Each structure stands twice: as C-alpha cells, then as structure tokens.
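Hello,

I am passing a structure on to you, and I have added some notes on what turned up in it. Please have a look at it first and then read on.

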Amino acid sequence: MNRTTLSLIAGAAALAAVTGFAALDAPGAAGAGPAGAAARLPVERTTLVCPAPSGSDIAETSYTSFTPVTQGAAGDGKGQLQAAAEESGTDDGKSDSKDDDGDGGKSDSKGSGKSDGKSDGKKKAAEAALQPKAPGTPATGDTDGADAPALIGTAEGKFAPGWTVQQTSEVAAGAGRGLLGVNCTAPDTEFWFPGASTAASRADYVHLTNPDDSAAVVDIELYGKDGAVKSEVGEGITVAPRSSEPVLLSTLADAAQDDLTVHVSVRSGRVGAAVQALDNKLGGDWLAASADPAGSVVLPGIPKDATDVRLIAFTPADADTDLKVKLASPSGLITPAGHETVHLKGGTTTAVDLGDVTRGEAGSLVLTQSAQSVPVVAALQVIRGKSGKQETAFIPAAGPLAARATAADNSAEGATLSLTAPTATAQVKVTASAGSEGGTAVSKTYTIKAGTTQDIAPPVPAGLKGAYALTVERVSGGPVYGARTLTATEGGVPGVTVQTLPDDRGTVSVPHADEDVSVLQKP
C-alpha cells in the first residue's frame with residue numbers, strides 16, 4: 001500500500017489522510033528529541049474500516065478492539081465503530097456499483113448496504129457498533145448472520161495510537177466454511193492482492209469500503225499467468241460516501257484463472273480493501289493486502305502443521321527476475337529442495353506449489369534477488385488438514401515491525417505467535433493485555449536469532465476473563481516480521497486464519513521548526 005511521507009509542511013491534513021493527527025509541542029516538551037532532530041509523537045486520530053464479514057446465514061462474527069498504552073498520548077479521547085452506509089439513499093432509489101447513491105451499491109455481491117430509496121437529505125442517526133475501552137483493555141462485540149454490515153471506525157486522542165481491530169468469523173458449513181479472520185485496515189489509495197482466483201471452485205470478492213463523506217473512485221486490475229486481464233468493468237467504480245462495495249472478481253474477467261494478482265488503485269478519495277476468498281472444498285479466509293512492492297519479501301508465520309503451501313508472486317515491472325527462495329526455520333535459513341529459485345516474468349502472476357515445505361516445524365518464507373532487483377508482491381495460500389477436511393488461510397508479504405504491532409482477539413488456547421528475524425538477531429518484548437472481562441497484563445522478552453523463525457505460545461494474562469491482545473515491541477537488533485495464527489476445529493475440520501503484524505504506526509515523525517523537512521523519511 002502507498003504511504004504518504006509525513007512532514008511539517010504537509011500539516012495536519014496530510015497526517016489525517018494517512019493515520020492521524022500529531023500534536024505539535026514546543027522544543028523541550030515531552031517526546032521531543034535533541035535539538036535539530038525530528039520528534040516522534042503519538043498520532044491523535046486513526047481511521048479503520050472492517051469489511052462486511054460474511055454472506056452466510058450461519059456466520060458468527062466477533063470483533064475485538066484494542067489500543068496499547070502509549071507514552072505521551074493524550075489524556076482523553078473517543079472512539080467507535082459504526083455500520084457503513086449510514087447515509088440515506090437518493091430519491092430515485094437506484095443502486096449500481098458506479099452510482100454515488102449512498103446505499104453501498106449492489107454488484108453480484110454480499111454484504112452491500114441497503115436503502116429504501118427515500119431521502120430527506122440528512123444523515124441517519126448512527127449507533128456505535130463497538131466502542132473501545134481504556135488503553136490496555138480490549139473491547140469486544142459480536143454479530144450473527146449474512147446481514148452484518150461493513151464497519152467504519154475512528155479513534156481520537158488516547159485511543160488513536162496503535163488502535164487495532166480484529167474481525168473473526170466462524171462459518172460451520174457451506175462454501176467458504178471455516179475460520180475467517182482479518183485485521184480492519186486503514187484506508188489508502190493502492191493495494192496489491194496476489195493469491196486471488198476466479199477458478200470454478202472459488203468465489204472471490206474484493207471489498208471496498210469508503211470511510212469519508214465524499215465518494216471514492218476506484219480501478220480494479222487483474223493480472224494472470226499471461227499478464228493483464230483485459231476488462232473495462234473494473235474501471236471507475238464509484239464507492240459512495242461512508243459505504244462498502246463488494247465486487248465479485250469473476251465478473252471482471254471472461255475466463256477463469258486459478259491464480260491472479262488484484263491491483264486496487266484509487267483515482268479520488270481513499271478506501272479500505274480486502275479480498276474474501278471462498279472455496280467450495282477448501283474453506284475460506286480473508287486475503288489481506290501484500291506489503292508494498294519491494295526487492296526482498298518476507299512471508300512470516302507458516303503454520304507448522306500446514307499440509308500444503310502455495311506461493312503466488314507478481315512483479316509490476318516490465319523486466320523478468322529470479323527470486324531466491326529461503327525458509328527461515330527454527331535452526332536457520334535453508335533452501336527448500338527443488339525450489340531454489342522462482343522465475344517471474346514482468347507483469348505476470350506466477351504460482352508455485354511448495355508442498356509440505358515446513359515439515360512440521362515453524363517457518364517463514366524469505367524471497368530475495370540479486371543486485372539488480374525489481375519490485376515484487378507475494379502471498380502464500382496455506383492448507384491445513386487432510387482431504388475432505390481441509391481449510392485455507394492466506395499469508396501476504398509483511399512489512400517489518402519497526403517499533404510495535406498488536407494482534408487482538410486471543411484466548412487462552414488456539415493462538416500462536418510466530419516471529420522471524422531474517423537478517424540479524426533481534427530482541428522483542430511481548431505483552432499480553434488484560435482480558436476484556438478481567439485479568440492482569442503480563443510481559444515476556446524473547447530473543448530471535450538471525451535467520452530463524454520462532455513459534456511462541458503467547459503469555460496469558462493472570463486471571464484471564466474474555467479475549468486479550470498481544471502487543472509485540474522490537475527492543476533491539478535487526479528487523480523483525482511477525483504473524484499470529486488462530487486455530488479452531490469445527491465438525492472435524494481444522495479451521496485456521498493468519499494475520500501478519502506490520503508496524504502499527506502509532507507515532508509519527510514531526511520536525512522541529514529549524515529542521516530541513518526535505519530530508520525526512522516516512523515512518
């Protein structure tokens with residue numbers, strides 16, 4: 001996803017467009033660095049969007065909201081998640097994926113907002129679907145069935161820095177059954193989703209959610225094994241203000257393709273985006289966006305009991321490249337036999353079956369190139385279970401955990417934290433928060449050796465009641481990448497969902513008045 005470089009010149013408006021506002025203090029205030037150096041201050045406003053969770057009548061969905069305690073954060077604030085499409089519809093009552101009619105649109109999709117076609121020109125009174133508790137304590141909520149809407153949330157003041165919301169659904173039967181989890185995402189202007197499909201057994205929807213009071217205009221491009229998939233249907237999709245639009249990918253292509261990369265780009269406004277992948281035989285899960293295209297790629301947290309792993313990679317460049325494949329195992333970096341390299345043709349999607357690549361051990365995939373590298377995005381499709389009782393999860397390429405990241409919605413059992421340090425040994429601190437209904441937070445420090453992956457049974461809060469959050473902070477050493485896996489067995493099917501742990505961007509760099517802002521880098 002694109003990230004906007006933050007600077008004093010950009011001001012409060014630019015900060016709000018990415019993650020939130022930063023308070024500007026005079027030099028010497030708390031959080032200020034040495035004279036002439038940029039200070040890192042807590043963000044003061046964060047926006048998140050959650051896609052409509054499921055089209056199944058028997059879906060059971062839970063939400064967990066959590067803000068870690070952040071030094072220097074504001075003393076007060078507010079936050080809430082509300083249903084999308086809270087605007088009234090237009091007088092003509094029409095609904096189309098390219099209409100700015102305020103009802104969320106309908107396009108061969110699930111979870112669209114609804115409108116009675118009447119409008120008085122005013123917003124409907126919106127009730128909060130979930131409100132965060134004090135920083136350090138999770139808040140939870142739940143909903144059932146196919147009519148659960150997408151959610152749009154804003155946190156301000158003390159609730160904003162590092163605000164995280166996890167959406168988890170359990171679907172007992174039907175297409176896409178299993179455990180489906182996704183981190184509610186910050187709105188942005190570009191997303192890459194390698195790992196999508198329009199195969200006959202799959203029904204993949206890209207969910208576009210607009211959190212703002214003006215319409216967003218979005219283009220969706222598909223890239224298969226032979227390059228760009230020609231289609232005009234995905235051009236200029238209008239997502240109405242504060243609404244969500246699910247688009248069935250098979251309606252954008254004439255022929256079915258097993259492996260696709262989806263590129264979502266926003267012409268005007270901003271959206272949150274996620275792909276829901278539903279398979280008739282292999283269950284379903286959410287496919288989150290890959291990290292920004294880069295020369296090296298890390299895909300952390302392959303479940304050690306995965307029975308099959310499939311790599312899907314794409315380069316938007318015109319040039320070809322060869323990816324060197326390494327597995328970061330508990331003992332170090334190894335080369336999977338028979339999969340030393342993967343050749344990528346420019347502008348095309350390549351998929352490789354890696355089989356039981358981890359062989360029962362913790363593992364993360366590390367993809368690198370030679371000195372002449374091209375930008376790459378990638379994801380893994382992970383299968384858990386055996387024939388007839390299998391479930392799917394996706395692991396997109398992740399960004400490094402620069403300072404802190406949080407995984408919400410953990411329970412006393414069924415959660416695994418996976419951390420990898422591909423280039424240099426690192427030390428991290430893991431904090432298990434108080435439970436949503438009681439308990440005392442606990443912390444533990446771990447050392448992750450260079451080139452290894454460690455699967456950690458997370459610490460559990462003392463006297464835990466309810467769900468809790470895991471916050472990972474990098475203390476020292478090299479870059480760290482992480483993922484959290486949730487598992488649950490329903491009807492003998494081993495459900496699984498994996499969420500990566502990118503940095504929560506809870507702070508931003510704010511230059512002092514005498515600093516040359518042209519040299520600032522994005523956080």
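Let me start with the second largest pocket of this predicted model. Its lining is made up of 20 residues, and those that lie nearest the centre are Ser62, Thr168, Glu170, Asp409 and Ser411. Two or more lining residues come from each of the strands β3 (60-66), β6 (139-144), β8 (164-171), β28 (404-410) and β36 (481-490). Of these, β3 gives the largest share, with 4 residues. As for volume, the second largest pocket comes to about 370 Å³. If you sort its lining by residue type, you will find 10 polar, 5 nonpolar and 5 charged residues.

Next, the charged pairs. Side chains of opposite charge can pair when their charged atoms come close. In this model the count comes to 10 salt bridges, and here are a few that you may like to look up.

Arg45 pairs with Glu156, with 3.5 Å between the closest N and O atoms. This salt bridge links distant parts of the chain, since Arg45 sits in strand β2 (residues 45-50) and Glu156 in strand β7 (residues 151-157), 111 residues apart. Are these two partners buried or exposed? Arg45 has a relative accessibility of 25%, so it counts as partly exposed. Glu156 is also partly exposed, because its relative accessible area is 27%, and the range for that class runs from 20% to 50%.

Arg267 and Asp219 form another salt bridge, and their closest N and O atoms are 2.9 Å apart. Here too, distant parts of the chain are linked: Arg267 belongs to strand β16 (residues 260-268) and Asp219 to strand β12 (residues 216-224), with their positions 48 residues apart. Arg267 counts as exposed because its relative accessibility is 54%, which is over 50%. Asp219, on the other hand, is buried, as its relative accessible area is 15%, under the 20% limit.

Then there is Lys225, which forms a salt bridge with Asp226 at 3.1 Å between the closest N and O atoms. Lys225 is exposed, with a relative accessible area of 59%, and Asp226 is exposed as well, at 68%.

One more thing to look for is a network: Asp259, Arg310 and Asp353 are joined into one by salt bridges that share partners.

I hope this helps you find your way around.

Best wishes

Conventions: Residues are numbered from 1 along each chain as its sequence is written. This is a predicted model: local features need pLDDT of at least 70, side-chain atom pairs count only at pLDDT 80 or more; totals for chains, interfaces and linings use all residues. Side-chain values use heavy atoms; hydrogens and water are left out. On a 1 Å grid over the protein atoms alone, a cavity is a set of points where a 1.4 Å probe fits but cannot get out, and a pocket is an open set with protein on both sides within 12 Å along at least five of seven lines; lining residues have an atom within 4 Å of a point. Grid points are joined across faces, edges and corners, and a volume is the space filled by probe spheres set on the points. Ala, Val, Leu, Ile, Met, Phe, Trp, Tyr, Cys and Pro count as nonpolar, Asp, Glu, Lys and Arg as charged, and the others, Gly among them, as polar. A salt bridge is a side-chain nitrogen of Lys or Arg within 4 Å of a carboxyl oxygen of Asp or Glu. Buried means under 20% relative accessible area, exposed over 50%, partly exposed in between (1.4 Å probe, protein chains only).
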